[in-house]
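Grab a coffee and open the viewer: here is a set of short exercises, each with a worked solution. Try each task by yourself before reading on.

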Amino acid sequence: MSEIKVDKNSKKKLNKYILYIILIVVLTAFVLGVSLSGETSYNGENLPTIIVVGKMFSTMNIGYIFLFIGLLFLYYLLSSFCLFLFARLYTKKYKFHQAMSNQMVGSFYNYICPGGFYSGGQFAQAITFKRQGVNISNAASVLVMQFIMFQICLLLLGLISLFKIDKVLNIGIITIGNSFEIPIVLFIILGFLLNAIIIITILLVSHSHRFHNFVLNHGVNLLYKLHIITDLEKKRDQYRIQIENFRIELRRLQSNIPFTILLFIITMLILCIYDSFPYVVGLSLNAFANPSEDIFNRIFESIAFTNYHQMICGIIPIPGNAGISEFIFTSLFSNYYDPSFVNSGIKASMLLWRMLTYYIPLLISAIFAVFYRPKGTPKTEERFYSLERSTFVTLQIEAFNHKNLGLNEEKYVKTLETKNIESKLKKDDDVEIKVIINKEEKDENRDIH
């Protein structure tokens, strides 16, 4: 297979990095400026909001911050362990520290791309796999399986979160800025449908040839007529290969049930750990009047609310969800923490949560993205990868073609081996027949004499 090129548009990629980072910084600064402006009631007096946030940070329970950091570390360890287990399906030489580095590289690209989880880091992870000694087609298979498992777990958590939808709907309106108001039910419907459509479509096209043909023909034609896509045949071929990849990897998961169950449990645990972070933030800032009461329900509500937060942010294509994530958190979790805490502390909890789940991990993962180089990687290799998801689609196409080439070569070799065996057997049969004939002629001559 030809070498994957990551170096074609270096200047264009650099400009996009700069644009995304500037956008993240500007939106974050704007949100922080809006959030920390004005005055907030604190202990019976009105103080500047920034002073109130500072006072709350100075009196927070530091032990829960260490708990938060420990859970965050566990989150990345388990995410890396999933990647490690998938990679070990193809090579026994793959090490856990390689998976950890790969996970951090992928996290950086996901953090700065629109869409959040698994939105821009797959291509970077595939190339990192390749540089770590994993065949590029196997790397694509690992990432497709990981994506399928993640989407299944995300949909299941979405269904479980429906048990708390009444409390979320009580929020009514989400206000972005001072005047932009959107009914939260609209966000929830769109976010849930997006998650559901992705995995249900994958499952249907992978198991139903009729639905498969319908999507590739009528579905793609509709997108073309709506001018969403331009090159009809090219897109149809791309979708066909993606569907074939999903079908192959689904069968692989279905063929190893114990392995799939293990990965399912770990992935659900990863998502639950991440979704429980607002609860830990609440504990650290004394957001609950009786923190020892109703612990299970509060953790469950934290998971449900965070899941709705991810649904909503997933439909708004902003790099790193900068700005929108903070606004949505403030609106959602105002209905989660105790009312006595919300007026003075919701902005402090938002800032602490965002800092520990995004800003700090972004900086750490950026260090890995810039400085991590697998052993044997030339210094002239491209340091940054494409941020376009279409690049990973291109990689899938090349990987799929490589798999087909391998299968065809294997079939050809087997055909040659079969022909050789048949020819050999035929020769052996001829020799055996001649031996039998000669023996019979000798026996007849002996009898005559």
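## Getting oriented

The chain holds 16 helices and 4 strands. Keep in mind as you work that this is a predicted model. Buried residues account for 47% of the 449 residues in the chain. Among contacts between residues at least 6 apart in sequence, 74% join residues at least 24 apart.

## Exercise 1: A hairpin

Task: Work out in which sense β1 and β2 pair, and over how many bridges.

Solution.
- Start by locating the strands: β1 covers residues 39–42 and β2 covers residues 45–48.
- Next, look at the bridge partners. Glu39 is bridged to Pro48 in β2, and Tyr42 stands opposite Glu45.
- The pairing is antiparallel, over 4 bridges.
- Finally, inspect the connection. The two strands form a hairpin with 2 residues between them, and Asn43 in the turn has a positive phi of about 55°.

Task: Decide which side chains of β1 are buried and which are not.

Solution.
- Begin with the general pattern: in a regular strand, side chains alternate between the two faces of the sheet.
- Now apply the pattern to β1. Thr40 and Tyr42 point to one face and are buried.
- Glu39 and Ser41 point to the other face and are not buried.

## Exercise 2: Helix spans and burial

Task: Compare the reach of α6 and of α13 with the span expected at 1.5 Å a residue.

Solution.
- Take α6 first. This helix spans residues 136–161, has 26 residues, and reaches 37 Å from its first C-alpha to its last, close to the expected 38 Å.
- Turn to α13, residues 295–314. With 20 residues, α13 reaches 28 Å, close to the 28 Å expected.
- Then check the surroundings. In α6, 21 of the 26 residues are buried, so this helix is largely enclosed by the rest of the structure.
- α13 is mostly covered too, with 14 of its 20 residues buried.

## Exercise 3: Two crossing helices

Task: Describe how α8 and α9 are arranged relative to each other.

Solution.
- A pair of packed helices is described by the angle between the axes and the distance between them.
- For α8 (residues 184–207) and α9 (residues 209–225), the axes come within 5 Å and cross at roughly 115°.
- Angles of 65 to 115 degrees count as roughly perpendicular, and α8 and α9 are therefore roughly perpendicular to each other.
- To see where they meet, select Thr201, Leu204, Val205 and His207 in α8; these meet His209, Phe211, His212 and Val215 in α9.

## Exercise 4: Thr357 and Phe68

Task: Is Thr357 buried or exposed, and what does Thr357 touch?

Solution.
- Find Thr357 in helix α15, which runs over residues 339–371.
- Its relative accessibility is 3%; buried means under 20%, so Thr357 counts as buried.
- Look for a polar partner: a polar atom of the Thr357 side chain lies 2.7 Å from the backbone oxygen of Trp353.
- Setting aside residues up to four places away in sequence, Thr357 touches Phe68, Tyr111, Tyr274 and Phe277.
- Follow the contact to Phe68, in helix α3. Phe68 is buried, with a relative accessible area of 1%.
- Beyond its sequence neighbours within four places, Phe68 is in contact with Phe277, Val280, Val281, Leu356 and Thr357.
- Phe68 and Val280 are 212 residues apart in sequence, yet their C-alpha atoms are 6.4 Å apart.

Task: Leu363 is also found in α15. Is Leu363 buried or exposed?

Solution.
- The relative accessibility of Leu363 is 60%, so Leu363 counts as exposed.
- Leu363 and Phe108 are 255 residues apart in sequence and 8.3 Å apart in space, C-alpha to C-alpha.

## Exercise 5: Loop residues

Task: Find where Asn286 and Asp294 lie, and look up the phi of Asn286 and of Asp294.

Solution.
- Asn286 lies in the loop between α12 (277–284) and α13, and Asp294 lies in the loop between α12 and α13 as well.
- Phi of Asn286 is near 60°, a positive value in a residue other than glycine.
- Asp294, not a glycine either, has a positive phi of about 55°.
- For accessibility, Asn286 at 51% counts as exposed, while Asp294 at 48% counts as partly exposed.

Terms used: Residues are numbered from 1 along each chain as its sequence is written. This is a predicted model: local features need pLDDT of at least 70, side-chain atom pairs count only at pLDDT 80 or more; totals for chains, interfaces and linings use all residues. Side-chain values use heavy atoms; hydrogens and water are left out. Two strands pair if DSSP finds at least two bridges between them. Buried means under 20% relative accessible area, exposed over 50%, partly exposed in between (1.4 Å probe, protein chains only). A polar contact is a pair of N or O atoms within 3.5 Å; within protein, one must be able to donate a hydrogen and the other to accept it, and residues adjacent in sequence count only if both atoms are side-chain atoms. Contact means heavy atoms within 4.5 Å. The expected span of a helix is 1.5 Å times one less than its number of residues. Axes are lines fitted to C-alpha atoms, for helices over the stretch in contact, and angles run from 0 to 180 degrees between N-to-C directions. Angles under 35 degrees count as roughly parallel, over 145 as roughly antiparallel, 65 to 115 as roughly perpendicular and the rest as oblique.
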